[in-house]
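Here's a quick walk through the model, from the overall fold down to the helix contacts. Have a look at the sequence and structure first.

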Amino acid sequence: MTKDILVPAVLVVLLGLLLEPFGFMPGMAVMTVVIAVVAVFAVFALFLWREKGGDEREQTHIQKADRFGFMFGALVLLVAIVVEALASMLSPWLVLALVVMIVAKASALIYQKNTN
């Protein structure tokens with residue numbers, strides 16, 4: 001249970017630091033935080049990849065958490081796309097991220113239905 005709370009919390013704090021809430025952060029500090037974010041995200045992804053439910057109830061919890069994560073991530077990207085498009089400053093990275101999420105979700109669903 002500790003890893004379920006600690007790793008995401010550390011990742012959120014590090015990502016918050018990238019927004020430089022205290023003003024100017026030297027370039028070396030930014031690079032250090034970026035490296036830490038990548039490392040902690042790798043640990044987070046490893047935990048997610050190896051996550052298995054012991055019974056049907058735990059599997060349902062995992063599936064619901066995954067669904068909520070996908071939907072809220074997609075919603076935030078969609079809001080950012082709309083806001084930036086209305087301001088005529090649309091970043092292609094936002095569109096690409098949403099497209100990759102949708103294609104990955106659809107591809108995984110098709111693959112799972114055809115193999116199981």
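## Overall fold

Going along the sequence, the protein chain reads α-α-α-α. That's four helices and zero strands. How spread out is the chain next to a compact globule? Its radius of gyration comes to 17 Å, whereas the globule rule gives 13 Å for 116 residues; 17 Å is well over that, so the chain is more spread out than a compact globule. In terms of a box along the principal axes, the C-alpha atoms fill roughly 50 × 40 × 20 Å.

## Confidence

Keep in mind that this is a predicted model. The mean pLDDT of the protein chain is 91, with 99% of its residues at 70 or more. Which element has the lowest mean pLDDT, and which the highest? Helix H1 (residues 2-18) sits at the bottom with 89, and helix H4 (residues 92-115) at the top with 94.

## H1 against H2

Let's take the pairs in sequence order. H1 packs on helix H2 (residues 27-49) at an angle of about 155 degrees, and their axes are 9 Å apart. That angle is over 145 degrees, so H1 counts as roughly antiparallel to H2. As for handedness, the H1 and H2 crossing is left-handed.

Who touches whom here? On the H1 side you'll find Lys3, Val7, Pro8, Val10, Leu11, Leu14, Leu15, Leu17 and Leu18. Facing them from H2 are Val30, Val33, Val34, Ala36, Val37, Val40, Phe41, Val43, Phe44 and Phe47. Sorted by class, the contact of H1 with H2 has 18 nonpolar residues, no polar ones and one charged. The charged one is Lys3 of H1.

## H3 against H4

Next up is helix H3 (residues 56-86) with H4: their axes come within 9 Å and cross at roughly 150 degrees. With the cut-off at over 145 degrees, that makes H3 roughly antiparallel to H4. This crossing of H3 and H4 is left-handed.

H3 brings Phe70, Gly73, Ala74, Leu77, Leu78, Ala80, Ile81 and Glu84 to the contact. H4 answers with Leu94, Val95, Ala97, Leu98, Met101, Ile102 and Lys105. How do the residues of the contact of H3 with H4 divide by class? There are 12 nonpolar, one polar and two charged residues. Glu84 of H3 and Lys105 of H4 are the charged pair in that list, while Gly73 of H3 counts as polar.

How values were computed:
Residues numbered from 1 in each chain as written. Predicted model: local features only at pLDDT ≥ 70, side-chain atom pairs only at ≥ 80, totals over all residues. Heavy atoms only, no water. pLDDT = per-residue confidence, 0-100. Helix = DSSP H or I, 4+ residues; strand = E, 2+ residues; numbered from the N terminus. Axes fitted to C-alpha atoms, helices over the stretch in contact; angles between N-to-C directions. Parallel < 35°, antiparallel > 145°, perpendicular 65-115°, else oblique. Left-handed = near helix turned anticlockwise from the far one by under 90°. Contact = heavy atoms within 4.5 Å. Rg over C-alpha atoms; globule rule 2.2 N^0.38 Å.
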